[in-house]
Each structure stands twice: as C-alpha cells, then as structure tokens.
Amino acid sequence: MKIDITEIKDDLGAIMNTEFSLDLADRKVQGQEISIIEPSNAELKVVNSEGEYVIMGTASLSLEVFCSRCLEEFETELEFEVNGEIDKEEVEDAEIDVSGILAEHIRLAIPMKYVCNEECKGLCPSCGQNLNEEECDCIMHKVDPRLAKLEKLLPDKE
Ligand SMILES: [Zn+2]
Ligand SMILES: [Zn+2]
C-alpha cells in the first residue's frame, strides 16, 4: 500500500493526512487463518521528519476468523494503532510503502485465540460434537465447566 507524499516531500516538518482502504491478502497469524474482508481502512498521518517519515494513526479491519473452541468461522472487527517510521533513504520517488508497517501491526494486534462468544462451549473432545448446537452423551461433559471454575476458587483442601 503506497502513499503519495508529494505534498510534504520538500517541506521538513510538514504533515499530511491520508485515508485509504486496505487491500490486504488473507494471512496466517499465530497459526490462525485470518481472512480480511471489506471494508477495512486506515487513517494515517505522515510527518516529514529529520531523516525519516513518521507514520501514525489507526486502522480497522473486518476479519473472518475461526473460533478456537468450536472451530466455527465468524466475523469480527479489529482496530489498532499504527506507529512507524520509514527511512528516507528507502524512499524512491514520491511514494512510501506502508505495507510492512501495517502487516507488523496486524500481527501484533491479533489475539492469540479468537472465541466466537465468551459462552462458547466448544467441541466435545471425545466425539467432536459442537456443544453449542447440541449436547452429547459423553461422560466428560457431566462436569459443568462453570462448576469446575468455582471449584478452582475454593481454597485447597488439606
Ligand atoms: Zn465458538
Ligand atoms: Zn461427546
């Protein structure tokens, strides 16, 4: 993704605002398949600074991800701040490429695990049934996960 910086290029200290939609390929982040869907956009400020262009602003993405518990795909929004610099020596013509900076920030902003819903019951580890849709008869689900949580809060028995 390139930004035309003609208007600030010859003026140290000048700032420009730019807004554009992100054209990003689907990617794998922390082992998760992430599909980036429209509309996803960025609002960035570019500052012509000493020796570098400073990029800052925010970006938001619409994503399609998989729930780490039930493995169903769902849509979610991701908003994150962008902060970076591009060395002037790397800049040819009057364009800067912010793809690298954005990719790095996306990688950092994406959580380790997505859950479709805090209440998601996930899959039965024994038969694979999606427990949000239907209970199965496997014994390991006779312990209510909420009770298991409570048990953890109780002081250890001595
Ligand atoms: Zn889920
Ligand atoms: Zn089961």
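What percentage of the 158 residues in the protein is made up of buried residues? The figure is 12%, and it is worth keeping in mind while moving through this model, which is a predicted one.

**The whole chain**

Begin with everything displayed as a cartoon and coloured by secondary structure, where three helices and seven strands should appear. Following the sequence, the elements come in the pattern β-α-β-β-β-β-β-β-α-α. If a contact map is open beside the viewer, note that, of the contacts with a separation of 6 or more, 56% are accounted for by residues 24 or more positions apart.

**From the α1–β2 loop to β4**

Select A14, which sits in the loop between α1 (6–9) and β2 (15–21). This residue counts as partly exposed, because 14 C-beta neighbours lie inside 10 Å. Leaving aside neighbours within four places in sequence, A14 is in contact with I8 and N48; a distance drawn between the C-alpha atoms of A14 and N48 should read 5.5 Å, although the two are 34 residues apart along the chain.

Now extend the selection to β2 and β4 (32–49). These two strands run antiparallel and are joined by seven bridges, and one place to look is E19, whose bridge partner in β4 is E43.

**Two hairpins that share β4**

Keep β4 selected and add β3 (27–29). β3 and β4 pair in the antiparallel sense over three bridges, with K28 having E33 in β4 as its bridge partner. The two strands form a hairpin with two residues between them. Zoom in on Q30, which lies in the loop between β3 and β4 and has a positive phi of about 50° although it is not a glycine. Is Q30 buried or exposed? Q30 is exposed, since 10 other C-beta atoms are found within 10 Å.

Next, hide β3 and show β5 (52–66) instead. Here the antiparallel pairing of β4 with β5 extends over twelve bridges, and I37 can be picked out standing opposite S62 in β5. These strands also form a hairpin with two residues between them, and in its turn G51 has a positive phi of about 80°.

**The nonpolar core**

Select I55, V82 and L102, the residues with the most contacts inside the largest nonpolar core, which has 17 residues. The elements that give two or more residues to this core are β4, β5 and α2, and β5 gives the most, with six residues.

Stay with V82 and display its surroundings. Not counting residues up to four places away in sequence, V82 touches A42, L44, I55, M56, G57, T58, A59, I101, L102 and H105. Two of the residues named for their contacts inside the core, I55 and L102, are therefore also among those that V82 touches.

**Two faces of α2**

Turn to helix α2 (residues 99–109) and orient the view down its axis. Which residues of α2 are buried? They are I101, L102 and I106; from this viewpoint the buried residues fall within an arc of 130°, so they line one face of the helix. Show β3, β4, β5 and β6 together with the helix, because what covers the buried residues of α2 includes these four strands, with cover judged by C-beta atoms within 7 Å.

Then rotate to the other side of α2, where G100, E104, R107 and L108 are exposed. Take E104 for a closer look: with 12 C-beta neighbours inside 10 Å, it counts as exposed, and that count stands right at the cut-off, since a residue is exposed if 12 or fewer are present. A distance drawn from the C-alpha atom of E104 to that of G84, 20 residues apart along the chain, should read 9.8 Å.

**A last stop before β7**

Finish with D93, in the loop between β6 (73–87) and β7 (95–97). Like Q30, which has a positive phi of about 50°, D93 is not a glycine and yet has a positive phi, in this case of about 55°. D93 is exposed, because 10 other C-beta atoms lie within 10 Å.

Terms used
Residues are numbered from 1 along each chain as its sequence is written. Chains are lettered from A and ligands numbered from 1 in the order in which they are written. This is a predicted model: local features need pLDDT of at least 70, side-chain atom pairs count only at pLDDT 80 or more; totals for chains, interfaces and linings use all residues. A residue is buried if 20 or more other C-beta atoms lie within 10 Å of its own, exposed if 12 or fewer, and partly exposed in between; C-beta atoms are placed from the backbone. A nonpolar core is a set of buried Ala, Val, Leu, Ile, Met, Phe, Trp, Tyr and Cys residues joined through C-beta atoms within 7 Å. The arc is that of the directions from the helix axis to the C-beta atoms. Two strands pair if DSSP finds at least two bridges between them.
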